[in-house]
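Visitor: I would like a close look at a single part of this protein, taken slowly and with its surroundings included. Please take me through one sheet and what lies around it.

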Amino acid sequence: MSASNSDRHPLVEGPRDPEHDPAASYALEPDYVSRLTARILATSGETKEVRSPIDGAPLAHIPQSTDADVEEAFRRARVAQEKWADVPPREREQLLLRLHDLVLDRQDEILDLIVLESGKARKHAFDEPLHIALTARYYGRTTAKHLSSERRPGVIPGLTRVDVNHVPKGVVGVISPWNYPFTMALCDGLAALAAGNAVVAKPDAQTMLTALLAAELLEEAGFPKDLWTVVAGPGSKVGTSIIQRADYICFTGSTATGKLIGKQCAERVIGCSLELGGKNAMLVLDDADIERAAEGATRAVFSNAGQLCVSIERMYVADAVYDRFVERFVARTQAMTLGATLAWENDMGSLISQDQLDTAVAHVDDAVAKGAKVLTGGKARPDLGPFFFEPTILEGVEEPMTCFRDETFGPVVSLYRVRDDEEAIARANEGDYGLNASIYSRDTGRARRIAARIKSGTVNINEAFAATFASLDAPMGGFRQSGMGRRQGAEGLLRYTETQSVGTQRLLRFGPMLGMSDESYAKVMTASLRVMKALGRA
Ligand code: NAD
């Protein structure tokens, strides 16, 4: 490993003595692990071992929660939420702004944990504290505005007053994946807290430590105890137990699991937001700045080794620039530095698990066996770490190949040559997903007109995904099988509220008055409806 001792956070020991533990490059201090895992509400006495994808060596033993623990988490959360709902939104904003500072101050520790648990490159890990700081600042400045009651026009001008209130749902269950362990554990939950809810969180089993550090930071920022409880265990067990008790579910993960969760929420008639998978397309138009597009493409495809919901897996490149673009994209990809260390030096890190590696290998092998060409990459790299896979660019991918339609969720992209914009739009809109898309063009007006015809929740022009993801006022989510509901913006906060309309009626009532017959009342109302329309009233 190339990181020197001085590069590493003091909480990380290592490299270990190769004579005693040849596999391990890094280890966490046992006291530190105990401090974090003590936050899990778990009484089963069982633990699950977590290993680091960097070297396959053990990182921690995670206590596992029972159904009774989830019950207790909800009991505590309900008590905490009742008090929290009375805290004025302006005070909640102050805690979010404090969290913003804490996340920036403690970023080294956050980055170390993310890299150790996920194996990603440190520069990709940095996107996480960055996104959480942006989220905390955004809701730290807008919560009171988003939650303020609004006056709406009443049915009888001057006599019917209508106020619309936003009432917290209660206790929100947040079920999150492993790919962005800090961001995904925290970003959706912050909006839930801001809206006056409590959270019971079930992060993915592989990345619990990062999620527990997030919980610790919330408490340090001043959020009341029990407002955010973490439980641990298999999704099918602990996740189901949460869904049975929650007032709303925020789920991020695969489309297959999202469908199961959606069904269970429907049975309980509770709302849910589902942030699911994608097979995201990039369009490189004939007037694109090729160097800029090639640079953007490497980030679009290989950030977090492609294990990113908004990463690009398909590229439609205009015939006129195809050869030049491919040459630059392949050259940039081949120049990338691969490695699994805590230092900043790597351009791409490891995949997180054997499952992810198996999928990448299977997709590439299947495509090659059916005639696709590997322009660069294509192989596992056990010499770098147990789950490494090279950044891979494919050409000639067609319909029967698995990676034509299915999400790889790895560092693999397919390139397609297209005649014109119409073909690019039609191809980008193929398939079942619609999460993110990217368009490179020097004519941003043309690109925006094309964006309006792409069936995806976000479209980034001359950027891969960050322009929308980091613009916190912009809602983010999927069309079609990529999900329902939106995170970020007012939408991301208001999903955690019930909308309540309060009507106050003065003088006139909705029925005959002063001895008027029902028939006369109907005539007066009919005439008044005609007048209202003529006056242009909505
Ligand atoms: P996954 O669906 O297997 O797991 C996600 C979470 O759900 C984990 O915490 C898991 O324990 C839990 N879970 C699993 N089965 C469950 C069940 N039956 N009931 C309740 N909870 C259950 O997904 P994954 O493999 O961890 O994540 C990768 C997928 O997530 C990819 O498809 C990716 O595109 C998607 N993703 C989407 C976004 C987005 O914002 N749209 C972000 C990140 C990841």
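Visitor: In which sense do strand β7 and strand β8 pair, and over how many bridges?

Guide: In this predicted model, strand β7, residues 171-175, pairs with strand β8, residues 198-202, in the parallel sense, and 5 bridges hold the pairing. Within this stretch Gly173 stands opposite Val200 of β8. The two strands belong to an open sheet of 6 strands, whose order is β9-β8-β7-β10-β11-β19 and whose pairing is mixed. At the edges stand β9 and β19 (483-484), each with a single partner strand, so one side of each is left without a neighbour in the sheet.

Two helices may be considered together with these strands. Helix α7 packs on the sheet, where it touches β7, β8, β9 and β10, and its direction makes about 150° with that of β9. Helix α9, for its part, lies across β7, β8 and β10, running at about 165° to β8.

Some of these elements return in the pockets. The largest pocket has a volume of about 1,100 Å³, and of the 48 residues that line it, Pro177, Trp178, Asp204, Ser254 and Thr257 are the closest to its centre. Among the elements that each supply at least two residues of this lining are α9 (235-243) and β10 (248-252), together with β3 (47-51), α10 (255-268) and α13 (354-369). The greatest contribution comes from α10, which gives 6 residues to the lining of the largest pocket. By residue class, the lining of the largest pocket divides into 19 nonpolar, 21 polar and 8 charged residues.

Helix α7 leads to the other pocket, for α7 (183-194) is one of the elements that each supply at least two residues of the lining of the second largest pocket, the others being α5 (122-125), α6 (127-147), α11 (290-302) and α17 (466-469). The second largest pocket has a volume of about 480 Å³; it is lined by 22 residues, of which His124, Asp127, Arg299, Ser303 and Phe465 are the closest to its centre. The lining of the second largest pocket divides into 11 nonpolar, 5 polar and 6 charged residues.

The loop that precedes β9 also deserves a look. Phe223 lies in the loop between α8 (208-221) and β9 (228-230), and its aromatic partner Trp84 lies in helix α2 (residues 67-84), so placed that the pair links distant parts of the chain, 139 residues apart. The rings of Trp84 and Phe223 form a tilted pair, at 5.7 Å centre to centre and with 55° between the planes, and the count of aromatic pairs comes to 9.

A further sheet can be set beside this one. In that open sheet, 7 strands follow the order β14-β15-β16-β13-β12-β17-β18, with mixed pairing, and its edge strands are β14 (373-376) and β18 (458-461), each of which pairs on one side only. The twist averages 25° from one strand to the next. Strand β15, residues 392-395, and strand β16, residues 412-418, run parallel and are joined by 4 bridges, and the bridge partner of Ile393 in β16 is Val413. Helix α16, residues 444-451, lies across β12 (280-284), β17 (436-440) and β18, and runs at about 165° to β18.

Methods:
Residues numbered from 1 in each chain as written. Predicted model: local features only at pLDDT ≥ 70, side-chain atom pairs only at ≥ 80, totals over all residues. Heavy atoms only, no water. 1 Å grid on protein atoms, 1.4 Å probe; cavity = no way out; pocket = protein on both sides within 12 Å on 5 of 7 lines; lining within 4 Å. Points joined across faces, edges and corners; volume = space filled by probe spheres on them. Nonpolar A, V, L, I, M, F, W, Y, C, P; charged D, E, K, R; others polar. Pairing = 2+ DSSP bridges. Axes fitted to C-alpha atoms, helices over the stretch in contact; angles between N-to-C directions. Contact = heavy atoms within 4.5 Å. Phe/Tyr/Trp six-rings, centres within 6.5 Å; stacked < 30°, edge-to-face > 60°.
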